[in-house]
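Thanks for sharing this one. Here are a few notes to read alongside the structure.

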Amino acid sequence: MDRSTTIGGSSPLGSNTTPLSNPAGNAMVEGAAQTAHRTVDSIAEKATTQVDRVSGTAHRALNTAAEAATSAAEWASSVPEQAKQVQTKITEAACNSIRARPISSVAGALVIGYLLGRLARL
């Protein structure tokens, strides 16, 4: 069935011409379609630009975070070695002090033990 005719057989415009055969109507529809296409293309181009900008920003942020995490991991991996070195230095200093003054060291340990015992009873 032809969509341009009514049930009675005549066209909605009152003549036997269809809307698609009207050159002025076709030009208007074509112009509106082209305007719509240009508008959609413009919006798509702007959206693509914004998405690219946001994507670049996100990539830079991730790279910065990855660099910070790598730096923190390197620092954290060096902490146990540094702690071991500090422990070794303190142990050596204590041993040297005890060897230099053994009686003073034992007397000091006894006094500290006695004071801690008194504090523990309170």
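1. Let me start with burial. Buried residues account for just 2% of the 122 residues in the protein. Keep in mind that this is a predicted model.

2. On the fold itself, the protein has two helices and zero strands. The surface it exposes comes to about 10,600 Å², and 65% of that is supplied by carbon and sulfur atoms.

3. Now to one part of that surface. A nonpolar patch is formed there by I112, L116, L119 and L122, which together have about 500 Å² of accessible area. One of these residues, L119, sits in helix α2, which covers residues 102-121. L119 has a relative accessible area of 59%, so it counts as exposed, the cut-off being over 50%.

4. A word on confidence, too. The mean pLDDT of the protein is 83, with 83% of its residues reaching 70 or more. Over residues 1-6, however, pLDDT stays under 50, and the model has nine contacts for them beyond four places in sequence. Residues 8-17 also have pLDDT below 50, and this stretch makes eight contacts in the model beyond near neighbours in sequence.

Note on methods. Residues numbered from 1 in each chain as written. Predicted model: local features only at pLDDT ≥ 70, side-chain atom pairs only at ≥ 80, totals over all residues. Heavy atoms only, no water. Helix = DSSP H or I, 4+ residues; strand = E, 2+ residues; numbered from the N terminus. Buried < 20%, exposed > 50% of the residue type's maximum accessible area, 1.4 Å probe, protein only. Areas by Shrake-Rupley, 256 points an atom, 1.4 Å probe, with all protein chains shown as cover. Patch = residues over 30% accessible without salt bridge, like charges linked within 9 Å, V, L, I, M, F, W, Y side chains within 5 Å. Salt bridge = Lys/Arg side-chain N within 4 Å of Asp/Glu carboxyl O. pLDDT = per-residue confidence, 0-100. Contact = heavy atoms within 4.5 Å.
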